[in-house]
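Trainee: I should like to learn how to read a sheet and a salt bridge in a protein model. May we begin with the sheet?

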Amino acid sequence: MEYRVTVQFNTRYVASIVFLCIIYHAFASVTHYSISEEMKEGSVVANLATDLSLDVKTLNQRRMRLDNIANKKYVDVNKDTGELYIVEKIDREHCPTKLSASCYLKLEVILENPLRIFNIELEILDINDNAPQFRRDTIYLDISEATPAGERFSLSNAVDPDIGINSVKTYNLSKNEFFTIEVQTGRDGSTFADLILAKNLDREQQAVHNLILTAVDGGRPARSGTASVVVHVLDTNDNAPKFDKQSYNIKTMENIPIGSLVINLNATDLDEGSNSDVTYSYSLYTSEKTQETFNLNPSTGEITVKGTLNYEDFKIYDMEVIATDHGASSLSGQCTIKILVEDMNDNHPEISVKSFQSPVSENIELDTVIAVVSVSDKDSGDNGVVDLHIPHNMPFRLRESSDNYYELVVSEPLDREKVPEYEITFTVTDRGSPPLSDNDTMTLELLDVNDNVPQFPQSFYTIRVMENNTPGALISSLTAFDPDLHENQYLVYFIIEKEIANTSMSMLFSINPENGNLYALKTFDYEIEKDFLFHIEARDSGSPPLSSNVTVHIIIVDQNDNAPVIVSPWRAHGSVVEEKIPRSTDKGSLVAKVIALDTDSVHNSRITYQFLQVPDATLFSLDQYNGEIRTMRMFSYRDQRHHRLVVVAKDNGEPALSATVTIKLSTVETAVKAYSDMTEVPLEYDIFSDLNLYLVIGLGSVSFLLLITILVTIVLKCQKPKASKAAPPCRNSVASERNSTIADSTLVSNDAYWYSLFLAETRKGKLVVRQPVPKGSRYIVSSIPRGTGLTDTSDSAASTLQVKIYRDLNLNLKI
């Protein structure tokens, strides 16, 4: 609800207004106030706290403030009382926001905690504080004595900056017998007075008539302004000035410089003397706008530009010019002038986007309308003819649909993955000289379509996994890329099912369908499984979905997880190997040979031998590569009869694993057989006894039988079905065949692919049997040692060698 309060300087008016405000505040919320101009500083307009239902005590806490729209701060609010009061006097005639006859001040009351904003409209009401004023204090009129009664004379009108009833309402003329006035209203609502000759003048009776013209406004109390009207009675002036033409049509360009000449009027008077002197002036019918735009030189009649000419605002100016002579009884002539303003190219063309479709699908059809644009130009002629265009490097074109309307259509296929959005600049240019232009830029976004297949960075992945891995551990992340967006970009990963040895890939590996993380579901053993080959598919979530796959090669990497196993000399678990050698053994004779096997591969299976404990480092040597223990010198009487040798077999892994064997070596006085590397050197005895002869015969017989047994075994083995595929021999052999001479029957493995069986060794040489072992087989080698007595040695007691190969291979050999 809105109410108005008028405040006057008079104390009783102010009291009345305050009283009315108190009454109305009880019933309505006040957003509009009306006050009179020129109120004293400090005058209270209203109590905002009461009108806005605010608590006065919280105004400071809520940081109540008043924002003025005007440049000056005319009013303010008292935070202690909530009253709106005058800070500076307001003159309505100099209203800061005056757009029409009314004057309004826009205010905003802002409070915080909570934030509230109230819009206040303060209307400044006019008071009659200005008296009418004439443009000239004295109005001179020269009237010929021959002027007939009833003649009219124009008088200068008074102006009053007040409005409404406070403006000029009437004119009064001082009492006289010759003149009267008639008040008239102009086309713009202004009032002016015509002086009327009521009685013929007689210069001889009175040459000058002094009149007082009073302009009175309609205010209460009324204000007035006066001007002196001096009428000079002249001799008869019977010729009025005349213009060359009664009407003029003049063309001029808009925006011509101020002060430029438009026309030079010329009026002539056939009278002589002062009666022929002419003065030019605008008639009362010439509008104020025209008089503000053009200046008329009263002496020369030149009309020049006074204000800016704008074809788009005013195209035609009409004026009426009066030429008045200086005769005793001045006469005047008039002419009409029509000034036509011609257009210049001073207005930029304008663009208006009527419709714009964004975003659009990237598979949008060709010739589809994306936008509708209209163009215009306020200029005329070629200056108003415009052309519209867009950049040439875009898949769009413009199609004119009607006058000044254009359609933007798709001219080439769109691809969001190449260009996700387009900045389309519409440029409009007129055909003026020089041409003017304007532009408007619109952003066209493209919606994604599932038109791209997921792509892996590689077509083949090789992933190395260390054996003995933890089940469920992450082994790799296979991430594909899809340039589409949203659900078209969301990828799901699958393992393409494939069976290996009746085992599905999904039981060995698992892939996270969301991020492509690949996990191992079991612990792998390099000695059993070497590698896996399968495919992984990446599928997007589009409709229909698109997919691609990649080949994955899993390679199981060997780990040093198997300790060496000592297979020769054989001994029961935890027992000590006992060996006897003659005390007369020569330097360099083979005492024992330690052979260890390691089921790991490559460097993890390379074994070296070292003495962990040796009683006399000068008596025995150990070959670190083949494990042969030899004498470094002959035994002396000072040497002990029993020697305890501890040998450690260590692999090349990281960390290294090892196995140890303890050999208890005893020396005997009787002669025993000595061993050499490849061939036996006959033992030479100082005394060739019968016992030695029996030993030689026994050894020869045993060797012969052993040779026959080996040949029969080879024939039987050769008749067995051969394996479909023989694995190549490994480069890394546990024992060297060229320089290995062992007394016991021993099984030697070459990386689980080949093994050599040393069955016996004679003075003539050694016999070696090699058999292929299926890939991935495991084996256990056991050897039964010979007897340690002289009789056992000379008789070459039979030893039993048993080889067990896991995974469908069992081999039992007895010698």
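Mentor: Two strands count as paired if DSSP finds at least two bridges between them. Please note that this model is predicted. In general, strands of a sheet pair through backbone hydrogen bonds, either parallel or antiparallel. Here, an open sheet of three strands follows the order β45-β49-β48, and its pairing is antiparallel.

Trainee: Which strands stand at the edges?

Mentor: The edge strands are β45 (590-593) and β48 (620-622). Each has a single partner strand, so one side of each is left without a neighbour in the sheet. From one strand to the next, the twist averages 20°.

Trainee: How many bridges join β45 to β49?

Mentor: Three bridges join these antiparallel strands, β49 spanning residues 628-631. Lys 593, for instance, has Glu 628 in β49 as its bridge partner.

Trainee: How should I read a salt bridge?

Mentor: Side chains of opposite charge can pair when their charged atoms come close. The whole structure contains 19 salt bridges. One of them joins Glu 112 to Arg 65, with the closest N and O atoms 3.2 Å apart.

Trainee: Where in the chain do Glu 112 and Arg 65 lie?

Mentor: Glu 112 lies in the loop between β6 (103-111) and β7 (116-125), whereas Arg 65 belongs to strand β3 (residues 65-68). The pair links distant parts of the chain, 47 residues apart. Arg 63, Arg 65 and Glu 112 are linked in a network of salt bridges.

Trainee: Is Arg 416, in its salt bridge with Glu 417, buried or exposed?

Mentor: Arg 416 counts as buried, because its relative accessibility is 7%. Glu 417, at 23%, is partly exposed.

Note on methods:
Residues are numbered from 1 along each chain as its sequence is written. This is a predicted model: local features need pLDDT of at least 70, side-chain atom pairs count only at pLDDT 80 or more; totals for chains, interfaces and linings use all residues. Side-chain values use heavy atoms; hydrogens and water are left out. Helices (H or I, at least four residues) and strands (E, at least two) are DSSP runs, numbered from the N terminus. Axes are lines fitted to C-alpha atoms, for helices over the stretch in contact, and angles run from 0 to 180 degrees between N-to-C directions. A salt bridge is a side-chain nitrogen of Lys or Arg within 4 Å of a carboxyl oxygen of Asp or Glu. Buried means under 20% relative accessible area, exposed over 50%, partly exposed in between (1.4 Å probe, protein chains only).
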